[in-house]
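Trainee: I'm new to this structure and would like a close look at one part of it. Could you pick a spot and walk me through it, then show me how the rest fits around that spot?

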Amino acid sequence: MVIPQLVFIWIAFLPISEEEECQLSIVTKLKEEIRILNNKLLIGEWRVLHLRNHRRFRLVPNLEPSHEYKTNFSEPSPTLPSNGGSLLVYDKDCSELYDRLKPSSGFYRIKPKQSLEPFLVYCDMEDGGGWTVIQKRINGKIDFNRNWEDYKSGFGNFQSSKDEFWLGNDHSHILLSDGDNVVKIDLMDWNGVKSYAFYENFRVSDENDNYRLHYGMYSGQAGDALSGGSNMVEQWSASHNGMQFSTQDKDHDRYLQGSCALENKGGWWYNRCHAANLNGRYYRGGEYKANYDNGVVWGTWKGLWYSLRRTAMKLRPSSYMENTGSGGGPTLD
């Protein structure tokens, strides 16, 4: 009985050939592509469900320039798009939608650029109105420890006000490329206490620059965590201004001894590493113990070892800045 066991052990440690290693690599890549396609399919199904219940869009046929066509927008029932038509989307962001219709908060399709396809966003129509939400944490149901492609395309649930999501770095770049905006970050602790931070001229570059973050002046109650803290040492190592985006599989931080994204369990604009980590691990109850300060953190408000209950990042044009709302942010309710 000893000899078969030795033979089995010897076979188990045989080296893998180059051909077998190549095949394993191909299988791994195919599995990853299938996972990404499944995520996109799921998001597509949510968007179709949204359109079926939505009454602000209708289908019109593709027209030749010589055709005369009159549109009646009073029809009550929405129609799903087909190969023979195009879905009308009027608004480039939630602020335009708010100006035009003053609707309630919810999911709407926007089209920031005419050359691009419209996409679904959550619009916060309270708190002054017109906010396009790009990030939301509310219950910990969605895992934010994702790879580069997930953060690029977006992930989460897009059905109700209680859903969590990341809109996607590509979409955020489109919305934030010109910098003529203000971003508000809503925060809530586990006692229901709310706070907020405003950043003017918030900009996210494209993928060629790894979605680098820039922003201007801070104001608010929660402290300027994105700038790293109150002293020069903290700002040198933890400021997020000018940082590229990092994920578990693509490390663009300035921490040479390791990976901030791996340690802090989320994708973010890490330095060496952070004073804010809104996409971190969701710990319940507030204060937490871990090897790293990897919770949902806003360090200048509750410190690095207190994980927040709810967060939201939302934007609108700078022209809305004078109407700042309550500060608490209905996005968190």
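Mentor: Let's start with an acidic residue that has no charged partner. Asp-253 is buried, yet no salt bridge is found for it. Its nearest side chain of opposite charge belongs to Arg-272, and that one is 7.9 Å away. A salt bridge here needs a nitrogen and an oxygen within 4 Å, so Arg-272 at 7.9 Å does not qualify as a partner for Asp-253. Keep in mind that this is a predicted model.

Where does Asp-253 sit? Look in the loop between α6 (232–238) and α7 (260–264). As for what surrounds Asp-253, leave out residues up to four places away in sequence and you find Ser-246, Gly-258, Ser-259, Cys-260, Ala-261, Tyr-270 and Asn-271 touching it.

One of those neighbours, Cys-260, leads us on. Cys-260 is joined to Cys-273 by a disulfide, with the sulfurs 2.0 Å apart. The angle about that S-S bond is -90 degrees, which makes the link of Cys-260 and Cys-273 left-handed. Cys-260 belongs to helix α7, while Cys-273 is in the loop between α7 and β13 (276–277), so the pair ties together parts 13 residues apart in sequence. Both cysteines are buried, as Asp-253 is.

Now for the other disulfide, since a search of the whole structure finds two. This one runs from Cys-94 to Cys-123, at 1.9 Å from S to S. It is left-handed as well, with -70 degrees about the S-S bond. Cys-94 is in helix α3 (residues 94–101) and Cys-123 is in strand β4, so here the parts tied together are 29 residues apart in sequence. Cys-94 and Cys-123 are both buried. If you count the bonded cysteines along the chain, the pattern reads 1-2, 3-4.

Back to charges. Asp-253 has no salt bridge, but the whole structure has 11 of them, and some make handy comparisons. Take Lys-314 and Asp-124: their closest N and O atoms are 2.7 Å apart. Lys-314 lies in strand β15 (residues 310–317) and Asp-124 in strand β4, so this pair ties together parts that are 190 residues apart in sequence. Buried or exposed, what are Lys-314 and Asp-124? Lys-314 is buried, at 0% relative accessible area, and Asp-124 counts as buried too, at 1%. So a buried acid does find a charged partner in this case, Asp-124 with Lys-314. The pair also belongs to a wider network of salt bridges, which links Asp-124, Asp-127, Lys-184, Asp-186 and Lys-314.

Two further pairs are worth a look. Asp-150 and Arg-146 meet in a salt bridge at 3.5 Å, N to O, and both of these residues are buried. Arg-100 and Asp-91 form another, with the closest N and O atoms 2.8 Å apart. The two ends of that bridge are covered to unlike degrees: Arg-100 is partly exposed, at 39% relative accessible area, whereas Asp-91 is buried, at 5%.

Next, the nonpolar interior. The largest nonpolar core has 56 residues, and the members touching the most others are Ile-185, Phe-202, Leu-226, Trp-269, Trp-298 and Met-313. Strand β4 (residues 119–124) gives the most to this core, with five residues. You've met β4 already, as the strand that holds Cys-123 and Asp-124. For a feel of the packing, take Ile-185. Beyond its neighbours within four places in sequence, Ile-185 is in contact with Ser-195, Tyr-196, Ala-197, Tyr-199, Leu-226, Leu-278, Trp-298, Ala-312 and Met-313.

Helix α5 (residues 169–176) is another covered piece: six of its eight residues are buried. They are Asn-169, His-171, Ser-172, Ile-174, Leu-175 and Leu-176.

Finally, step back to the whole protein. Its secondary structure comes to eight helices and 15 strands, and 47% of its 333 residues count as buried. Of the contacts between residues at least 6 apart in sequence, 56% join residues at least 24 apart. The protein exposes about 17300 Å², with carbon and sulfur atoms supplying 52% of that. So when you return to the loop between α6 and α7, look for Asp-253 as a buried acid without a salt bridge, touching a cysteine, Cys-260, that is held in a disulfide with Cys-273.

Definitions and conventions. Residues numbered from 1 in each chain as written. Predicted model: local features only at pLDDT ≥ 70, side-chain atom pairs only at ≥ 80, totals over all residues. Heavy atoms only, no water. Helix = DSSP H or I, 4+ residues; strand = E, 2+ residues; numbered from the N terminus. Buried < 20%, exposed > 50% of the residue type's maximum accessible area, 1.4 Å probe, protein only. Contact = heavy atoms within 4.5 Å. Areas by Shrake-Rupley, 256 points an atom, 1.4 Å probe, with all protein chains shown as cover. Core = buried A, V, L, I, M, F, W, Y, C linked by side-chain atoms within 4.5 Å. Lys, Arg positive; Asp, Glu negative; His and termini not counted. Disulfide = S-S within 2.5 Å.
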